[in-house]
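Please look through the structure below with an eye to what lies inside and what lies on the surface. The report that comes after it takes up these two topics in turn.

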Amino acid sequence: MFNMKKSLKQYLCVFCCLLAVSRAVQGNAQEPDPGELYAQAAVLMDAESGRILYDKNGTQVLPMASTTKIMTCILTLETADIGETVEISAYAASMPKVKLYVQKGERYLLEDLLYSLMLESHNDAAVAIAEHVGRQYLPEQLREKSPADYTQEESKQAVEAFAAMMNRKAQELGCKDTWFITPNGLDATQVLTLESGETIEKHHSTTAADLAAIMCYCIDRSPKKEDFLRITQAPSHSFSIENGRFFNCVNHNAFLQMMQGAISGKTGFTNQAGYCYVGALERDGKTLVVALLACGWPNNKSYKWSDTRALMNYGLEDFSYHPLDEAAYQESQLEPITVLRGQTLDIDGTARVPVRILERGLEENETSEEISGLLLKDGEEIRVECDIQRQLEAPVAAGEQVGTIQYIFQDRVYREEHIVTAKAVRRIDYRWCFQQIIRFFLL
């Protein structure tokens, strides 16, 4: 009986230890091993700062399938009125599945087509949208012509104009390894002729890092981010058109129900790209974006979800938010600067000018985004560097820049503040000398 009780206690002790270890492991998501991820290329990004928290072949250029449509959507929201009417061309109606099955001559509300684009990933809706927005860059006779009367070549010109808009936007966002050819993400190749006469072949492609950056813009910095989130978060959307046809679009982004805080995302698949995904999550004061390219081929459509969860959990549990103000350089640390040949109250005095920190260091016409903080792992720190002139020469104007303070992490400057003079200091002149003589001998 005694041995039985002793054995029972031992088993109970072992069980409790295993349970504790299990909970500890669950509470700390380790950095995913690149070999354990299914995706050929993967990035986890902090949406506020753009810092890459995890990178597996993040700069490898690969096709991105229908994740393309996040750019199609945000560009349309920013450049067109969603209340506009879109007329369907024969070319748009000819797109392959997955499709809404629009028909030549039909008229749709642009907003309805955006739901079709993002919830169901309809390829014909993407082309109809691209033609509608891109035709503004066509010659006047084509702008005035009804899209229903476009030849296939004329429709393609409008789509190419929209693709050029997509590429300009990508460049503005700093995406140097992205090239858009189609608005729907279907595999495509384009031959470009350079000024030298040389030709180069371009593929519809991006990188995981660029794709993540585009999603960060869509959900965090775009002036139309609220519309983008409203559309991509909708569980479904129903609408009808003039001829009585009725449509119901259902959101196929399963990630929205997989993790608490999921706010947006877009799936994609083509034979060349495999399964792709880009998604965003907001929780615990963090906004995280995951981008996956080449994440398995049929029948591996679930691989993208396991990779996304692994990366999101890593970001949630291994990183904490640190405001840049934690490392802020205080004005009290700055000493006045000696000014050579500067006027003073006393003839034998040394001129010094007090300095102050100009918040953010931005000029009035600058529009740079302010980064308020970073997601950091334990042991990571923001480095602050102060570079200030040791002496000046009169005259010195008030507000003159005399130094900079930089907040640096991993060789990237996330904030720069200017150090400026707090007042003016005049240069010694004959008038000042005369006044000092009068004071010294007569007063």
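What follows is a short report on a predicted model, arranged from the interior to the surface.

## The nonpolar cores

The largest nonpolar core has 72 residues, and among its members Ile70, Tyr108, Met215, Ile219, Phe228 and Val289 touch the most other members. Helix 8, which covers residues 208–221, gives the most to this core, with 11 residues. A second core of 23 residues is separate from the largest one, and it includes Leu44, Met259, Val290 and Leu375.

Met215 can be followed further through its contacts. When its neighbours within four places in sequence are left aside, Met215 is in contact with Ile70, Phe228 and Val289, and also with Ser264, Gly265, Val278 and Ala280.

## An enclosed helix

Helix 4 runs over residues 110–120, and because 11 of its 11 residues are buried, this helix is largely enclosed by the rest of the structure. The buried residues of helix 4 include Leu110, Leu113, Leu114, Leu117 and Leu119, but also Glu111, Asp112 and Glu120. After helix 4 comes Ser121, a residue whose phi is positive, near 65°.

## A nonpolar patch on the surface

Which residues form a nonpolar patch on the surface? They are Ile437, Phe440 and Phe441, which together have about 380 Å² of accessible area. Phe440 is found in helix 11, which spans residues 430–442. Phe440 counts as exposed because its relative accessible area is 60%, whereas the cut-off for an exposed residue is over 50%.

Key. Residues numbered from 1 in each chain as written. Predicted model: local features only at pLDDT ≥ 70, side-chain atom pairs only at ≥ 80, totals over all residues. Heavy atoms only, no water. Core = buried A, V, L, I, M, F, W, Y, C linked by side-chain atoms within 4.5 Å. Buried < 20%, exposed > 50% of the residue type's maximum accessible area, 1.4 Å probe, protein only. Helix = DSSP H or I, 4+ residues; strand = E, 2+ residues; numbered from the N terminus. Contact = heavy atoms within 4.5 Å. Patch = residues over 30% accessible without salt bridge, like charges linked within 9 Å, V, L, I, M, F, W, Y side chains within 5 Å. Areas by Shrake-Rupley, 256 points an atom, 1.4 Å probe, with all protein chains shown as cover. Salt bridge = Lys/Arg side-chain N within 4 Å of Asp/Glu carboxyl O.
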